[in-house]
Amino acid sequence: MLISEQKIIVCCPHAVTGGPELLHQLVHELRELGRDACIAYYPFDKKYTCPDAYKKYNAPQGKLIDEEGTFILLPEVATAFARKIRKAKVGIWWLSVDYYFPVTHQSKLKDIYGRCMSLIRGRLPLRSMRGLVHFTQSAYAEDFLKKAGIHSVPLSDYLGQDHLLNVYNGDGSDKLDIIVFNPKKGQRQTKALMERYPNLRFLPIQNMTSIQVSQLLHKAKVYVDFGHHPGKDRPPREAAIAGCCVVTGRKGAAKFHKDLPIPEKYKLDHNSLNYLDDFGLLVSSIFSDFNKHATSFIPYRDDILQEPQKFKSQVRYIFGY
């Protein structure tokens, strides 16, 4: 056990996204182990009710208490709060890299600007966090910290039950020639693909519940994601569980096979001169011989299905009795 403090406070933004769900999952697992753990929503000076999406988790609310014998876990975007903690032990959970130092993957100048803005907002610079405990959700984050001379311990995540209990087991005959995409990810690249191939059917994921997302993905043959992949993203995993062939770029965590373990031919370099042509050829091949391509994603789906147990094991190693 690495964290022996009696009380564990997991700080969380009051929002409904992948990161906050993971923070609730952690508190749930900690309480399953018998640990005294709670969620503390921030900004800390307001009152909140637990979002409906997270009421399925055993994650009661608590207050941020700075006292000895307490371990306070902050997501990487909230390191500014560490400046005010004097007595409790502090840990940082790197759910992403790009959201800490906003990375555009477009130019070094823009990335330097993002780093400056991050520090102006009060986030701790890396060099001042070397004495804290660090956990990483992705190999991408682990590599990022390692380059800064910071050791970290893996603490990953898993998909919600709306997806894990709805694994695609069809033979492909009920799949349609549809390409699903998230309009918030890789907008420029996806727009270029849509303009180049107006004959292909692209459907966005927007204004949907997790069940509706799963239903849409079950109908489609392809999910594309040319976003930044700031961590081990959930949408590609949700798509794979729903039986989609996943086509991505090579930004962020997508570069790391440990984070996105799919064959390299499904990871396209959007900077390549042949990028648009390669996409068209790949999608055409998937549409015409879906079952052959679908078998390439069986190891990825198996890995995703093992994530809940892997997460439990990591939590036991770090916090468990």
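In the predicted model, Asn-207 is placed in the loop between β8 and α6. The phi angle of Asn-207 is near 55°, a positive value in a residue other than glycine, and the residue counts as exposed because its relative accessibility, 83%, lies in the range over 50%. A positive phi, of about 50°, is also found for His-229, which is not a glycine either. His-229 lies in the loop between β9 and α7, and with a relative accessible area of 3% this residue is buried, whereas Asn-207 is exposed. A further backbone feature is the cis peptide bond that joins Tyr-42 and Pro-43, for which omega is about 5°; Pro-43 belongs to the loop between β2 (36-42) and β3 (70-75).

The two loops with positive phi values border elements of an open sheet, in which 4 strands follow the order β8-β7-β9-β10 with parallel pairing. The edges of this sheet are formed by β8 (201-204) and β10 (245-248), each of which pairs on one side only. Neighbouring strands of the sheet are turned against each other by 30° on average, when direction is ignored. Strand β9 (residues 220-225) and β10 pair in the parallel sense over 4 bridges, and within this pairing Val-222 stands opposite Cys-245 in β10. Helix α6 (residues 210-219) packs on the sheet, where it touches β7, β8 and β9, and its direction makes about 115° with that of β9. Helix α7, in turn, lies across β9 and β10 and runs at about 170° to β9.

The loop between β7 (176-181) and α5 (187-196) holds Asn-182. This asparagine counts as buried because its relative accessibility of 16% falls under the limit of 20%. The side chain of Asn-182 reaches the backbone nitrogen of Lys-184 at 2.9 Å. When neighbours within four places in sequence are left aside, Asn-182 is in contact with Ile-205, Tyr-223 and Val-224.

Parallel pairing is also found among strands that come earlier in the chain, where β4 (residues 89-94) and β5 (residues 133-136) are joined in the parallel sense over 4 bridges. In this pair, Trp-94 stands opposite Thr-136 in β5. Strand β5 is joined to β6 as well, by 2 bridges, and these two strands run parallel, with Phe-135 opposite Val-153 in β6. Together with helix α3 (residues 139-147), β5 and β6 make a right-handed β-α-β unit.

Side chains of opposite charge can pair when their charged atoms come close. The structure holds 15 salt bridges. One of them is formed by Arg-234 and Glu-21, whose closest N and O atoms are 3.2 Å apart. This pair links distant parts of the chain, since Arg-234 is in helix α7 (residues 234-241) and Glu-21 is in helix α1 (residues 18-32), a separation of 213 residues. Both Arg-234 and Glu-21 are buried.

Helix α7 contributes to another of these pairs, in which the side chains of Arg-237 and Asp-157 meet in a salt bridge with an N to O distance of 2.9 Å. Here too distant parts of the chain are linked: Arg-237 is in helix α7, while Asp-157 is in the loop between β6 (153-154) and α4 (161-164), 80 residues apart. Arg-237 and Asp-157 are likewise both buried. Salt bridges that share partners join Glu-21, Lys-56, Asp-157, Lys-232, Arg-234, Arg-237 and Glu-307 into one network.

A salt bridge in another setting is the one between Asp-52 and Lys-55, with the closest N and O atoms 2.9 Å apart. Asp-52 is exposed, as its relative accessible area is 64%, and Lys-55 also counts as exposed, at 55% relative accessibility. The bridge between Asp-52 and Lys-55 thus has two exposed partners, in contrast to the pair of Arg-237 and Asp-157, in which both residues are buried.

Terms used:
Residues numbered from 1 in each chain as written. Predicted model: local features only at pLDDT ≥ 70, side-chain atom pairs only at ≥ 80, totals over all residues. Heavy atoms only, no water. Salt bridge = Lys/Arg side-chain N within 4 Å of Asp/Glu carboxyl O. Buried < 20%, exposed > 50% of the residue type's maximum accessible area, 1.4 Å probe, protein only. Pairing = 2+ DSSP bridges. Right-handed = clockwise from strand over helix to strand, strands pointing away. Polar contact = N/O pair within 3.5 Å; in protein donor to acceptor, adjacent residues only side chain to side chain. Contact = heavy atoms within 4.5 Å. Axes fitted to C-alpha atoms, helices over the stretch in contact; angles between N-to-C directions.
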